[in-house]
Every structure is written in C-alpha cells, then in structure tokens.
Amino acid sequence: MAEDAILGFLEKQEEISDSGKFAEEHGFDHNEIVNIIKSLNGFRLVDAQDIKREKWVLTDEGKLYADKGSPEVQLFLAIPPEGISREDLQKKVDSSIFKIACNQAMKNKWIEMGKQVSRKVQNVDDRVKNLLIQVQDGEIIGQEDVEALKKRKLIAPQTWKGYSLRKGPNYAPKRKKAATDFTKENLQRGDWKDWELKEYNFEAKGQLAEGGHLHPLLKAFLHVRNRLQLIFLHMGFEEMPTNNFVESSFWNFDALFQPQQHPARDSHDTFFLKVPSTTKELPENYVERVKHVHERGGYGSRGYVYEWKREEANKNLLRTHTTAVSSRMLYQLAQKPFTPKKYFSIDRVFRNEAVDRTHLAEFHQIEGLVCDKGLTLGDLIGVLYDFFSRLGMTKLKFKPAYNPYTEPSMEIFSYHEGLKKWVEIGNSGMFRPEMLLPMGLPEDAKVIAWGLSLERPTMILYGIDNIRDLFGHKVDLGLIKKNPICRIGI
Ligand SMILES: N[C@@H](Cc1ccccc1)C(=O)O
C-alpha cells in the first residue's frame, strides 16, 4: 500500500525529495500518491512541500506525427524516384498536411517543385518524429529542437506538480485509522479508549439535498398568499378559519339563498360526498328561517316559491367557494351583540368541472368581506380600489353580474399593462337581506364582499398558459427542479 510505503520510507530516510520519482520507483500511480500525501499532511504525519516542474508534452498534432511520421517525410515517401505530377502527388497525401509538408520539405531542400515534383536527395531521416518520440518518453532534448517543435505547435509546456516530504510532528510508521463512528457496543467494550477520533470537520460541505423542491405554483401560491395576507392585515381584516374542505350543502348553498334547483347544486358542478354523505348538525331555528325565506320569502322578499327539502341541505360536499365559510362566520357574528367586522380567507375550493387549459377541479379562492351598518355600493367600490391598488392593479372596471346571494353584483376587470387588455379578476357584491336577516343580523347591517381565484393572477403574472403544466398528475417533475426562482412584482 502506497501509504505504508511512504511512512516506511520516511522511517529510514530523512526525506522523499520528489513524489514523482518515488511513485515511479515504487510502481505507484502519482495521482493516487498525491491524495495520500494530502491526507498525511493534513493530519501532520508528514510535512509536504510543493514542487513544480515544467515539462514538455505532445499536442494532438504532435501525437499524430509521433505515430505516423512527420508530414514532410510522409510527402517525401510519396514521391517516386522518377518524380510525379503535382496533381497526382496531392491525391497520394492527406490533404490536411499537404501544404505544411511541402513547406517543410522545401525548407529542408528535400524536393523540387514545379509542375513536376521530384526528390533532390535519395534518403531522409524523420528527425521530427524521433524528437517527438523522445519527448513522449520524457527524455530531454536540445533547446533548439524544443524551440522548433514549439513553434510548429507539436509540443506544449505542462506544469507538473508534486511534493517533497519529511516527517511531520505527528509522524508514526503506521497511521491509526481515526474513528468516525461510535456504537453502543464500543462503549460497552471500552475499546474506544485506544482510539484516535477523527476531528470534526466544520468546513465539510454536506451532501446536496435532492428533491424536496417547492412546486412553482406553490412558490407563487405562498408568495402571493403571503402578500395578500399582509394586504388584508394592513387593511384591518381578520382571517377566517378555512380548514374544512368538507361542507354541508346548507352552508355552501342554502344559507346563501341559493335555491335547491340551482344548476350549481347538480353533481355535474359539485362533488358530493359518499361517506359521510350527510351533515350531523345544523342550527335548527336558523334552518327553519332559511327554509321559510326560500319557500315564501319575508323581509320584503317573495322567496323562490318552491318546496325546500331538508335532505338536500344535509348533503355533504367539497366546498365550491369560500363564501361557505363567510356564511358560517356571519351567522356566528349575528348570534352576538352587533360589532362591525372585516374578514378574509385564502384557501382551496373544488368544482366538478371539465378540466382544460385554464380550469382545474380544485383551485384557491381569495375572499374578503366587510360587515357594518349603512354600507353602500360606493363603499364596496372604494374597498375594491383600495385592495386591488395594493396589488398593483389601479385601473378597474365593473360590470353588473348575477349571484344568488348578492344584489347588486359586479364582475371586476383590471387593465393588464402587459397584455394590453382588460382581464376579469374577480366577482363581488352586497349580500342580500334574504341571506343576512334570517341569520339574525340587524336590519341596517350590510355586508360587502368580493372573491377571486389565486390561480388566475398567478398564471397571468407567471406567463403560464396551461394550468395542467403546474398542477395535477401531468406535472413534469423535472420542471420543479429546473424552474428558476421568480418574484412577482406585487
Ligand atoms: N363566491 C363567489 C365570489 C364572491 C364572493 C363574495 C361576493 C360575491 C362573489 C365565487 O365563487 O365566484
């Protein structure tokens, strides 16, 4: 073993003056010796000093001529004693060396060139080839020859690095392998007492962590979500608890004055649960008031005039909007003496929709609401301007829309400077008295609210045109690792 050979050598001799020669004499590979020396030096078993030597090595062209002969000799040998036409000679010699071969052979006065090429001497010596072989074998050649070969770019200098070695302060003829592991058995046996322990290397770089990358959408999601949370908090909103994906139809639809025959309540649009298929409890008095307002109205409303079914309200589903959480929160608020509130939420919702480039069956909704006495549509528009301008969207347009639970309702559009067009960014409205009054809120309490998806602005901001590239089972996992860090300018 090379390590034992080095330490053994130093036991008898004071110095190894050249690791290159040492390797050669003892039949070791020098690269291997270098690593051992570095380690021995690190543990101070030896004291190593750098040595450098300039040596000449063959270039690729030089290697070729060392093997096949110099171009000028190749050319010379191709000329028959009686001479040859230039054209025919050109056919016999490799075109890549023809020019240099002619130049060198002429310079050496070996040949004569006119239309006809002929030999001027009978024999030639391939000195160049011989010199190259000498260099290859590590022999020393004369300075003039070195210059000539260098000029022809057949050899190049190379710095050779090695070491000279002496005993170091921790020298021992044999290295004890420093222990890195410590087991219960070692402790019990006490064999560790004779051990040398490997020092802790605080400089060592840990292994590169593979995997565990954040998904681009998740990065965007976390980034946008954090920014939105901050915006809402700065505006004095409290976050609603949205940690229940499963909701009853009652809170998702009925409490929001959404009639039971509404198409959104069809299984084509909503995921209903098989197990547990129904909710266990609902506030009975309130349920009665909701049933009444659906069937016969009240509070100045005619209602929908149909037979409201409790079984329909009991059906469990995956919530289709976070407004389900808003309805729970407003109901709770109505059970206490009135206090104005500002609530928000950002979480996942589910819709049984055909999946396409811009739609998935699950996405995230951002929702904000303000509950106070005497609020008007003007307050809603004002809050929307305040909210969206904090996202960098200052140009807004509103279009009348319809929601079963809001009146008036407005779709929100923002002018996108990059796309140079108006894009729909959300939906909003004032919750209907048919929704708020059965809850028990005072008559003059009004609620303004708005909702938007998180995916839509994220896709626009990230320039993503197919949401399935980002979310769901078709995601390319490579994308997760390769995706550059990006920041959203909001
Ligand atoms: N719930 C609505 C958004 C909305 C929230 C609040 C008021 C009006 C509309 C939707 O899913 O699109």
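**Exercise 1. The chain as a whole**

Determine what percentage of the 490 residues of the protein chain count as buried, and describe the chain's secondary structure and exposed area.

*Solution.*
Step 1. In this predicted model, 42% of the 490 residues of the protein chain count as buried.
Step 2. The secondary structure of the chain comes to 19 helices and 15 strands.
Step 3. The chain exposes about 28,600 Å², and carbon and sulfur atoms supply 51% of that area.
Step 4. Consider the contacts between residues at least 6 apart in sequence: 70% of them join residues at least 24 apart.

**Exercise 2. The largest nonpolar core**

State how many residues the largest nonpolar core has, and which elements give two or more residues to it.

*Solution.*
Step 1. The largest nonpolar core has 30 residues. Phe 250, Leu 330, Leu 369 and Phe 431 are those with the most contacts inside this core.
Step 2. The elements that give two or more residues to the core are the helices α12 (249-252), α13 (284-295), α15 (323-334) and α17 (433-439), together with the strands β11 (362-373) and β15 (445-453).
Step 3. The element that gives the most is α15, with 6 residues.
Step 4. Leu 330 may serve as an example. If residues up to four places away in sequence are not counted, Leu 330 touches Leu 369, Cys 371, Phe 431, Met 435, Leu 436, Met 439, Leu 441 and Val 447. Two of the residues named in Step 1, Leu 369 and Phe 431, are thus among the contacts of Leu 330.

**Exercise 3. Two serine residues**

Decide whether Ser 345 and Ser 70 are buried or exposed, and list what each of them touches.

*Solution.*
Step 1. Locate each residue. Ser 345 is found in strand β10 (residues 341-350), whereas Ser 70 lies in the loop between α4 (60-68) and α5 (71-78).
Step 2. Apply the cut-off: a residue is buried when its relative accessible area is under 20%. Ser 345 counts as buried because its relative accessibility is 0%. Ser 70 likewise counts as buried because its relative accessibility is 0%.
Step 3. List the contacts, leaving aside neighbours within four places in sequence. Ser 345 touches Met 240, Thr 242, Thr 322, Gln 365, Ile 366 and Glu 367. Ser 70 is in contact with Tyr 65, Asp 126, Val 128 and Lys 129.
Step 4. Look for a polar contact. The side chain of Ser 70 makes one with the side chain of Asp 126, at 2.9 Å.

**Exercise 4. The surroundings of the ligand**

Identify which of the 14 residues around the ligand come nearest, and find how much of the ligand's accessible area the protein covers.

*Solution.*
Step 1. Of the 14 residues around the ligand, His 321, Thr 323, Arg 351, Gln 365 and Tyr 405 come nearest.
Step 2. Examine the polar atoms. An N or O atom in the side chain of Thr 323 is 2.7 Å from a nitrogen atom of the ligand. For Gln 365, a side-chain N or O atom is 2.8 Å from an oxygen atom of the ligand. A nitrogen atom of the ligand also lies 2.8 Å from a polar side-chain atom of Tyr 405.
Step 3. On its own the ligand has 330 Å² of accessible area, of which the protein covers 91%.
Step 4. Connect this with Exercise 3: Gln 365 is also one of the residues that Ser 345 touches.

**Exercise 5. Strand order and pairing**

Give the order of the strands in the two open sheets of 3 strands, and then describe how β14 pairs with β13 and β15.

*Solution.*
Step 1. Recall the principle: strands of a sheet pair through backbone hydrogen bonds, either parallel or antiparallel.
Step 2. One open sheet has the order β1-β6-β2, with antiparallel pairing. Its edge strands, β1 (15-16) and β2 (46-58), each pair on one side only. β2 and β6 (residues 155-167) pair over 13 bridges, and Ala 48 stands opposite Leu 165 in β6.
Step 3. Another open sheet has the order β3-β5-β4, also with antiparallel pairing. Here the edge strands are β3 (84-85) and β4 (111-113). β4 and β5 (residues 116-119) pair over 3 bridges; the bridge partner of Ile 111 is Arg 119 in β5.
Step 4. Strand β13 (residues 406-416) runs antiparallel to β14 (residues 421-431), and 9 bridges join them. Met 410 stands opposite Ser 428 in β14. The hairpin of β13 and β14 has 4 residues between the strands, and Lys 420 takes a positive phi near 55° there.
Step 5. β14 is also joined to β15 by 4 bridges, in the antiparallel sense. The bridge partner of Met 430 is Ile 448 in β15.

Notes
Residues numbered from 1 in each chain as written. Predicted model: local features only at pLDDT ≥ 70, side-chain atom pairs only at ≥ 80, totals over all residues. Heavy atoms only, no water. Core = buried A, V, L, I, M, F, W, Y, C linked by side-chain atoms within 4.5 Å. Buried < 20%, exposed > 50% of the residue type's maximum accessible area, 1.4 Å probe, protein only. Contact = heavy atoms within 4.5 Å. Areas by Shrake-Rupley, 256 points an atom, 1.4 Å probe, with all protein chains shown as cover. Near = heavy atom within 4 Å. Polar contact = N/O pair within 3.5 Å; in protein donor to acceptor, adjacent residues only side chain to side chain. Pairing = 2+ DSSP bridges.
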